[in-house]
Amino acid sequence: MTTGAQTPRTPARPPRSRLRTFLPLGIAAWLVLEIWLLTVVAGASSGFIVFLLLVAGVVLGSVVIKAAGRRAFRNLTETLNQQQPGTPTEARQGSEGNGLMMLGGLLLILPGLISDALGLVMLLPPVQKAVSRYAQRTVERKLRDAGPGALGDAFRQARMRRPDGKVVPGEVVREDPDDTPQGPRPPLSR
């Protein structure tokens with residue numbers, strides 16, 4: 001039995017982004033390609049050689065990640081030891097690229113020859129600089145395109161409060177000789 005009232009319609013879902021559509025397909029194609037390449041190399045040489053290549057990738061990737069982590073921790077402790085209150089710290093040579101080195105090590109650890117090749121390429125300093133510049137431009141463009149009240153606005157406000165990020169609540173008091181006191185001032189609110 002109907003009451004004559006119209007059934008509410010659900011709002012249309014926004015269309016899926018290209019990344020959400022093609023990322024699973026890309027990952028599946030990459031996995032198939034990795035497996036195929038491993039079988040081709042195993043057929044050309046032997047399964048033991050493929051096993052040794054995979055173990056070497058895991059060991060080398062672990063060494064790279066460990067070295068990058070130690071370098072990042074050493075840079076952090078040096079920065080904290082040298083930091084003076086109220087003075088901005090300038091970037092030192094060789095303090096960048098730890099994240100990209102760790103990414104290269106992670107790609108080396110992943111089983112597969114294509115990921116190993118990408119991991120080795122990520123360890124090259126010119127490639128790290130190019131990827132870093134591209135990522136920085138992309139993030140800055142996304143933040144610029146973000147509307148007010150979005151995450152980009154929060155990042156802009158955080159960047160405005162550099163170098164130490166301290167905000168001191170207070171009031172401005174002007175002392176002109178002509179001013180006469182006009183009563184007590186209201187209390188500061190937080």
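Student: At what angle do H1 and H4 pack, and how are they oriented to each other?
Tutor: This is a predicted model, in which local features need pLDDT (the predictor's confidence in each residue, from 0 to 100) of at least 70, side-chain atom pairs count only at pLDDT 80 or more, and totals for chains, interfaces and linings use all residues. Residues are numbered from 1 along each chain as its sequence is written, and side-chain values use heavy atoms, with hydrogens and water left out. The axes of H1 and H4, lines fitted to C-alpha atoms over the stretch in contact, lie 8 Å apart. The angle, on a scale from 0 to 180 degrees between N-to-C directions, is about 100 degrees, and H1 and H4 are therefore roughly perpendicular (65 to 115 degrees).

Student: Which residues of H4 meet H1?
Tutor: Contact means heavy atoms within 4.5 Å. From H1, Trp30, Leu33, Glu34, Leu37, Leu38 and Val41 take part. Their partners in H4 are Leu113, Ile114 and Ser115.

Student: Are H1 and H2 roughly parallel or oblique to each other?
Tutor: Helix H1 (residues 18-44) and helix H2 (residues 47-82) have axes 7 Å apart. Their angle is about 130 degrees. Under 35 degrees counts as roughly parallel, over 145 as roughly antiparallel, and what is neither these nor roughly perpendicular as oblique. H1 and H2 are therefore oblique.

Student: Which helix has the highest mean pLDDT among the elements of the protein chain?
Tutor: The chain has a mean pLDDT of 80, and 68% of its residues reach 70 or more. Helix H6 (residues 151-160) has the lowest mean, 56. The highest, 93, belongs to helix H4 (residues 113-122).

Notes: Helices (H or I, at least four residues) and strands (E, at least two) are DSSP runs, numbered from the N terminus.
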